[in-house]
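Good morning, colleagues. I should like to take you through one structure, contact by contact. Please have the sequence and the view at hand.

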Amino acid sequence: LNSCQDYLDVEPKTSLTEENAYKTVTDADAAVFGLYGKFVGLADKYVILNEMRADLMTTTTNSSTFLKQLSEHNVSQDNPYISPKPFYEVINNCNDILKNFDIMLAEKRFTQDQYNQRYADVGCIRSWVYLQLGIHFGSVPYITEPISTLEEAKNANKYPRISFSDLLDKLILFSE
């Protein structure tokens with residue numbers, strides 16, 4: 001059994017670990033492209049929440065119960081459109097990327113120009129997603145550090161909700 005242990009403890013060649021991520025500008029670009037893929041996944045919620053709730057779309061007899069709830073402004077807890085989770089998944093990805101971009105700059109894996117371009121891109125996505133959360137949910141937790149464990153995520157005291165007005169102030173300050 002002892003000889004088999006080393007044989008079974010092999011790093012997978014097809015997965016990316018923290019130690020081998022964010023080594024080059026190409027790695028940083030791959031992270032940004034991956035973020036855009038996750039960001040595009042918000043499109044349906046963005047359109048539905050904005051247009052259906054603003055009476056710019058109407059339901060039909062073929063519409064789901066969840067769409068009818070949104071249209072009537074009478075939403076049940078199980079309505080999948082009202083979950084902030086997909087928004088926070090994008091935000092957490094942004095936070096992770098921004099943190100690693102700071103590390104890359106400090107370790108001189110980026111020039112200042114390479115850093116500025118990519119950091120601004122990711123930062124603007126995060127600000128836009130937070131703006132959407134504020135519009136739809138009012139007060140929200142404003143989280144700017146990546147959450148990497150379930151225990152961190154469960155600690156609600158660490159992430160107090162802030163008002164929409166305070167959120168706007170923070171987004172403007174960050175974006176500037």
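Let me begin with K38 and E89, whose side chains meet in a salt bridge with 3.2 Å from N to O. This pair links distant parts of the chain, since K38 belongs to helix 2 and E89 to helix 5, 51 residues apart. K38 is partly exposed, at a relative accessible area of 36%, and E89 is likewise partly exposed, at 30%. Please bear in mind that this is a predicted model.

How many salt bridges does the structure hold? The number is four. As a general matter, side chains of opposite charge can pair when their charged atoms come close. Another of these bridges joins R118 to D29, with the closest N and O atoms 2.5 Å apart. R118 is in helix 6, residues 112–137, and D29 is in helix 2, residues 25–40, so this bridge ties together parts of the chain that are 89 residues apart in sequence. Is R118 buried or exposed? With a relative accessibility of 12%, R118 counts as buried, because the limit for that class is under 20%. Its partner D29, at 23%, is partly exposed. A further bridge connects E152 with K158, and there the closest N and O atoms are 3.9 Å apart. K158 is partly exposed, with a relative accessible area of 48%.

I turn now to the aromatic residues. The count comes to nine aromatic pairs. One of them is formed by Y22 and F101, in an edge-to-face arrangement with 6.4 Å from centre to centre and 80 degrees between the planes. Y22 lies in the loop between helix 1 (2–8) and helix 2, while F101 lies in helix 5, so the pair ties together parts that are 79 residues apart in sequence. Y22 is buried at 11% relative accessible area, and F101 is buried at 0%. F101 also pairs with F110: the ring centres are 5.3 Å apart and the planes stand at 75 degrees, so this pair too is edge-to-face. F110 counts as buried, at 6% relative accessibility.

Which residues do the ring pairs link into a cluster together with Y22, F101 and F110? They are Y115, Y119 and F174. At F174 there is also a charged neighbour, as R126 lies over the face of that ring, at 4.3 Å from the ring centre.

Next, a loop residue. N79 is placed in the loop between helix 4 (65–72) and helix 5 (85–106). With a relative accessibility of 2%, N79 counts as buried. The side chain of N79 reaches the backbone nitrogen of Y81 at 2.9 Å. Leaving aside residues up to four places away in sequence, N79 touches F66, Q69 and L70.

Finally, I come to V140, which is located in strand 1, residues 140–141. V140 is buried, with a relative accessible area of 2%. What does V140 touch, not counting residues up to four places away in sequence? The contacts are Y88, Y130, L133, G134, P160, R161, I162 and L167. In addition, the C-alpha atoms of V140 and F164 are separated by 7.5 Å, although these two residues are 24 residues apart along the chain.

To close, I would return to the two bridges between helices: K38 in helix 2 with E89 in helix 5, and R118 in helix 6 with D29 in helix 2. Thank you for your attention.

Technical notes. Residues numbered from 1 in each chain as written. Predicted model: local features only at pLDDT ≥ 70, side-chain atom pairs only at ≥ 80, totals over all residues. Heavy atoms only, no water. Helix = DSSP H or I, 4+ residues; strand = E, 2+ residues; numbered from the N terminus. Buried < 20%, exposed > 50% of the residue type's maximum accessible area, 1.4 Å probe, protein only. Polar contact = N/O pair within 3.5 Å; in protein donor to acceptor, adjacent residues only side chain to side chain. Contact = heavy atoms within 4.5 Å. Phe/Tyr/Trp six-rings, centres within 6.5 Å; stacked < 30°, edge-to-face > 60°. Lys NZ or Arg CZ within 6 Å of the ring centre and 35° of its normal.
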